[in-house]
Amino acid sequence: MEITVDQQDDNHEVQRPIDCPVQVRNKIDFVKRNQYISAPPKRKYSNEYLKYGFSVTGDEDCPKPLCVVCREILLNSNTKPSFLIRHLGTKHPPYKQRNISFFQRLSNSPNLNSF
């Protein structure tokens, strides 16, 4: 194990192993270092997302939105309605004004389950 000199103070050297974590100097540093440690919460699928053209695929713990028009599977973090609306508006502009019954027919079509 290597030892590194952290600081010197009147002929006293504070030594610590290199693999030892550095002490947090203030609360802001602590928050910045630990803000990405916990995983973001998993979003749940809502049947309301069908009006944006999305069905669901994947397991119950981590459902993923499935576009019923192009069959693209998005990440669970993209299950926010704003992401679903953006996908529909940018990739499928002609379908933006369609009602929910149109998307229900697409989601129940056998071509969607052919993969």
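In helix H2 (81-91), Leu84, His87 and Leu88 are buried (under 20% relative accessible area with a 1.4 Å probe, protein chains only; exposed is over 50%, partly exposed in between). They span an arc of only 95° around the axis, so they sit on the same side of H2; the arc is taken from the directions from the helix axis to the C-beta atoms. Keep in mind that this is a predicted model, where local features need pLDDT of at least 70, side-chain atom pairs count only at pLDDT 80 or more, and totals for chains, interfaces and linings use all residues. Numbering runs from 1 along each chain as its sequence is written, and side-chain values use heavy atoms, with hydrogens and water left out.

**Around H2**
- Flip to the other side of H2 and you find Arg86 and Thr90 exposed.
- The cover over the buried residues of H2 includes S3, strand S4 (64-67) and H3; helices (H or I, at least four residues) and strands (E, at least two) are DSSP runs, numbered from the N terminus.

**Helix H3**
- H3 (residues 100-108) has Phe102, Phe103 and Ser107 buried.
- Those three stay on the same side of H3, because their arc around the axis is only 135°.
- Arg105 and Asn108 are exposed on the other side of H3.
- Strand S3 (54-57) and H2 are what the buried residues of H3 pack against (heavy atoms within 4.5 Å).

**Cores**
- The largest nonpolar core (buried Ala, Val, Leu, Ile, Met, Phe, Trp, Tyr and Cys residues joined through side-chain atoms within 4.5 Å) has six residues: Tyr49, Tyr52, Phe54, Cys67, Leu74 and Leu84.
- Another core, of five residues, lies apart from it and includes Leu50, Val68, Phe102 and Phe103.
- Leaving aside residues up to four places away in sequence, Tyr52 touches Pro81, Leu84, Ile85 and Leu88.
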